[in-house]
Amino acid sequence: MKDPFGRDINYLRISVTDLCNLRCRYCMPEEGVPKLSHEDILSVEEIEKITKAFVNLGINKIRLTGGEPLLRSGILDIVERIDKLEGLKDFAMTTNGVLLGRYAQELKNRGLKRVNISLDTLKDDKYRYITRKGNIKYVMEGIEAAKKVGLTPIKINTVLVGGFNDDEIEDLARLTLEEEIHVRFIELMPVGEAIKHRSNKYISNEIVLEKLPELIEVKRKDLSSPAVYYKLPNAKGRIGLINPISCKFCSHCNRVRLTAQGMMKLCLHSNDEIDLREALRKGQDLENIILAAVEKKPESHHLEDGQYVWKKMYQIGG
Ligand code: SAM
Ligand code: SF4
């Protein structure tokens with residue numbers, strides 16, 4: 001499926017829940033978020049039907065996210081049903097990794113190919129601070145379990161938070177030395193909770209290049225990836241820099257998003273949404289609705305200065 005700017009839209013990110021077992025300070029309020037009623041979120045069958053419509057139209061890359069996707073009841077069933085759709089080339093999940101030790105083997109068995117794991121620090125006290133309640137031990141066990149069962153290559157996503165983890169950039173980067181683990185440093189986006197903190201917590205990705213002058217740029221293969229990749233000399237894994245706001249990848253953007261409530265989003269930085277849940281429940285032709293929506297995918301981010309995305313990251317899924 002092509003949009004009006006000739007971009008091939010082949011990547012769908014599905015948020016399966018707004019709920020989370022952590023409370024990362026830049027993402028969720030301390031008290032958590034209200035649990036949506038059963039009726040309001042897509043059922044497993046509805047996720048399958050909507051995803052099928054996307055796959056019929058040429059989506060061949062799918063990522064499950066959240067909230068924390070491993071908290072969603074029926075997550076294994078969702079994975080299995082999506083894996084059975086014909087034509088998928090890539091099927092991944094973004095998770096905080098806390099429950100991965102428990103689920104990795106079964107996720108692999110049901111067809112998931114790989115995981116991205118969010119980890120902003122390697123120190124247990126700092127992990128507990130930034131997540132407000134997490135125990136890094138479980139994430140480390142999750143990473144080991146993912147390696148063991150082959151949910152690989154693993155990507156670690158680290159949000160750079162000024163005064164918090166800028167002193168750990170070298171340590172995190174060293175994770176790429178011995179194994180094919182890729183570490184991606186993401187700049188803090190002014191979304192949700194982060195709007196309050198961004199003015200004093202934002203740091204540019206440039207800091208990674210300053211701290212690691214030995215990095216070697218890797219030639220880009222996948223132009224639709226928001227990351228620019230580098231390598232430490234002789235490292236097995238890569239280091240990615242993601243700058244979601246001033247990124248230059250809009251002209252190669254291949255993605256659309258689906259929220260747990262069934263809203264299709266055409267751009268992370270736009271407030272426009274299309275209600276696929278309602279369309280499905282009314283028996284309307286999903287494929288036509290998706291095609292018409294893709295016709296309206298914006299050419300690039302178009303939020304003016306001072307404007308923000310209304311939805312929160314735990315609703316959109318990153
Ligand atoms: N709970 C899962 C996790 O943390 O991996 C999946 C959902 S989470 C919203 C997806 C990604 O968004 C995480 O890597 C998280 O660090 C990132 N994220 C959340 N808020 C962000 C913000 N304001 N700026 C940049 N990244 C953010
Ligand atoms: Fe939960 Fe992920 Fe948000 Fe952290 S970033 S609070 S793990 S949804």
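**Exercise 1. Polar contacts of ligand 1**

In this predicted model, which atoms of ligand 1 lie beside a backbone N or O atom of Thr95, a polar backbone atom of Gly67 and the side chain of Tyr26, and at what distance is the one beside Thr95?

*Solution.* Begin with Thr95, where a backbone N or O atom is placed 3.2 Å from an oxygen atom of ligand 1. Turn next to Gly67, which offers a polar backbone atom at 2.9 Å from a nitrogen atom of the ligand. Finish with Tyr26, whose side chain holds an N or O atom 3.1 Å from an oxygen atom of ligand 1. With a cut-off of 3.5 Å between N or O atoms, each of these pairs is a polar contact.

**Exercise 2. The surroundings of ligand 1**

Determine how much of the surface of ligand 1 the protein buries, and describe the make-up of the shell around this ligand.

*Solution.* Taken alone, ligand 1 exposes 540 Å², and 94% of that area is buried by the protein. Two elements, strand S3 (90-95) and strand S5 (154-160), are those that give two or more residues to the shell. In total, 19 residues surround the ligand, and the closest are Tyr26, Gly67, Thr95, Ser118 and Met189. Sorted by character, the shell comprises eight nonpolar, nine polar and two charged residues.

**Exercise 3. The surroundings of ligand 2**

List the residues that surround ligand 2, and sort its shell into nonpolar, polar and charged residues.

*Solution.* The residues in question are Cys20, Leu22, Cys24, Cys27, Met28, Gly67 and Asn96. Five of the shell residues are nonpolar and two are polar, while none is charged. Gly67, listed here around ligand 2, is also among the closest residues to ligand 1.

**Exercise 4. Three helix pairs**

For the pairs H2 and H3, H1 and H2, and H1 and H10, give the angle and the distance between the axes, and classify each arrangement.

*Solution.* Two packed helices are described by the angle between their axes and by the distance between those axes. Helix H2 (residues 75-83) packs against helix H3 (residues 100-110) at about 25 degrees, the axes being 8 Å apart. Because angles under 35 degrees count as roughly parallel, H2 is roughly parallel to H3, and their crossing is right-handed.

H1 and H2 also pack at an angle of about 25 degrees, with a distance of 10 Å between their axes; they are therefore roughly parallel to each other, and they cross in a right-handed sense.

For helix H1 (residues 44-56) and helix H10 (residues 286-294), the axes come within 9 Å and cross at roughly 60 degrees. H1 and H10 are therefore oblique to each other, and H1 passes H10 in a right-handed crossing.

**Exercise 5. Backbone exceptions**

Where is Pro153 found, where does Arg132 lie, and what is notable about the backbone at each of them?

*Solution.* As a point of reference, most residues other than glycine have a negative phi, and most peptide bonds are trans. Pro153 is found in the loop between helix H5 (136-149) and S5, and the peptide bond that leads to Pro153 from Thr152 is cis, with omega near 0 degrees. Arg132 belongs to the loop between helix H4 (124-131) and H5, and its phi is near 65 degrees, a positive value in a residue other than glycine.

Notes. Residues numbered from 1 in each chain as written. Chains lettered and ligands numbered in written order. Predicted model: local features only at pLDDT ≥ 70, side-chain atom pairs only at ≥ 80, totals over all residues. Heavy atoms only, no water. Near = heavy atom within 4 Å. Nonpolar A, V, L, I, M, F, W, Y, C, P; charged D, E, K, R; others polar. Polar contact = N/O pair within 3.5 Å; in protein donor to acceptor, adjacent residues only side chain to side chain. Areas by Shrake-Rupley, 256 points an atom, 1.4 Å probe, with all protein chains shown as cover. Helix = DSSP H or I, 4+ residues; strand = E, 2+ residues; numbered from the N terminus. Axes fitted to C-alpha atoms, helices over the stretch in contact; angles between N-to-C directions. Parallel < 35°, antiparallel > 145°, perpendicular 65-115°, else oblique. Left-handed = near helix turned anticlockwise from the far one by under 90°.
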